Amino acid sequence: LSGAILLAAMGSSISLAEPLVLGPAESRLQLAEIETLITGQYDNEPQRHYLEGMKRGASAPSRLNLQLRAATDAPLSFFLEERDGNEHQATARRGRLTLGADPGTREIMMTLEGSSCRWRWSPVNGLWRALPLAECKASTGTLPVIAGKTWWLGRDELWVERPGEAVMIEL
């Protein structure tokens, strides 16, 4: 992983050439766990402060505040709001994410409404990893910063990364 701070000691993971086929019960359990973990407010200011203190301010990502709220009109759907700065700034980008199980494999998938962005979730070393499936393209407007990036989700933490970036963004 390029620029991995939190995940550097985790070692490598195994990649499967073919999708893993989950049972219906396992798929429902995974959906429930991701649904529970994903909601929250995330901010990368602690990471930026640490990097600037280590004299690595030039490699610090831009300030980003992200809020994910469960939608009340549809199950497994979440409203996404990104702010360039702290939680008091105006919302810069919005989106709607939806979780679901792939009909063939029952793997957990996530889509960003109004775009071609899709992710495949899988458990990796105690965290959940969401890999983007293809290049994200917006059908209208601008995409959120998190679009097309790999997500690492754990209890009270969210990391996003794009290959080639010097530092992962901790939110």
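## Exercises on strands, charges and a core

Strand S5 (residues 108-112) and strand S6 (residues 118-124) run antiparallel and are joined by four bridges. Strands here are DSSP runs of E with at least two residues, helices are runs of H or I with at least four residues, and both are numbered from the N terminus. Two strands pair if DSSP finds at least two bridges between them. The model is predicted, so local features need pLDDT of at least 70 and side-chain atom pairs count only at pLDDT 80 or more, while totals for chains, interfaces and linings use all residues. Residues are numbered from 1 along each chain as its sequence is written, and side-chain values use heavy atoms, with hydrogens and water left out.

### Exercise 1: Follow the strands

Find the partners of S6 and describe the turns beside them.

*Step 1.* Start with S5. Met109 has Arg120 in S6 as its bridge partner.

*Step 2.* Look at the turn. Five residues sit between S5 and S6 in this hairpin, and Gly114 in the turn has a positive phi of about 80 degrees.

*Step 3.* Move on to strand S7 (residues 127-132), which runs antiparallel to S6 and is joined to S6 by six bridges. Here Ser122 is partnered by Arg129 in S7.

*Step 4.* Check the second turn. The hairpin of S6 and S7 has two residues between the strands, and Asn125 takes a positive phi near 50 degrees.

### Exercise 2: Locate the disulfide

Which cysteines form a disulfide, and which parts of the chain does the pair tie together?

*Step 1.* Apply the cut-off: a disulfide is a pair of cysteine sulfur atoms within 2.5 Å. By this rule the count comes to one disulfide.

*Step 2.* Name the pair. Cys117 and Cys136 have their sulfur atoms 2.1 Å apart. Cys117 lies in the loop between S5 and S6 and Cys136 in the loop between S7 and S8, so the disulfide ties together parts that are 19 residues apart in sequence.

*Step 3.* Judge the burial. Buried means under 20% relative accessible area, exposed means over 50%, and partly exposed is in between (1.4 Å probe, protein chains only). Cys117 is buried at 1%, and Cys136 also counts as buried, at 14%.

### Exercise 3: Trace the charged pairs

With which residues does Arg96 form salt bridges?

*Step 1.* Recall the idea: side chains of opposite charge can pair when their charged atoms come close. A salt bridge is counted when a side-chain nitrogen of Lys or Arg is within 4 Å of a carboxyl oxygen of Asp or Glu. The structure holds eight of these.

*Step 2.* Take Asp73. Arg96 forms a salt bridge with Asp73, and their closest N and O atoms are 2.6 Å apart. This pair links distant parts of the chain, with Arg96 in strand S4 (residues 93-101) and Asp73 in the loop between strand S2 (65-70) and strand S3 (77-83), 23 residues apart. Arg96 is buried at 14% relative accessible area, whereas Asp73 is exposed at 56%.

*Step 3.* Now take Glu113. The side chains of Arg96 and Glu113 meet in a salt bridge at 3.9 Å, N to O. Glu113 sits in the loop between S5 and S6, 17 residues apart from Arg96. At 55% relative accessibility, Glu113 counts as exposed.

*Step 4.* Finish with the network: Arg69, Glu81, Arg83 and Arg94 are joined into one by salt bridges that share partners.

### Exercise 4: Examine S9 and the core

Are the residues of strand S9 (residues 157-161) mostly covered or uncovered?

*Step 1.* Count the buried residues. S9 is mostly covered, with five of its five residues buried.

*Step 2.* Sort the side chains by direction. Glu157, Trp159 and Glu161 point one way from S9, while Leu158 and Val160 point the other way.

*Step 3.* Find the neighbour. Strand S8 (residues 150-154) pairs with S9 in the antiparallel sense over five bridges, and Leu153 stands opposite Leu158. Two residues separate S8 and S9 in their hairpin, where Asp156 in the turn has a positive phi of about 60 degrees.

*Step 4.* Turn to the core. A nonpolar core is a set of buried Ala, Val, Leu, Ile, Met, Phe, Trp, Tyr and Cys residues joined through side-chain atoms within 4.5 Å. The largest has 26 residues, of which Trp119, Trp121, Trp151 and Leu153 touch the most other members. Helix H1 (residues 24-38) supplies the largest share of this core, four residues.
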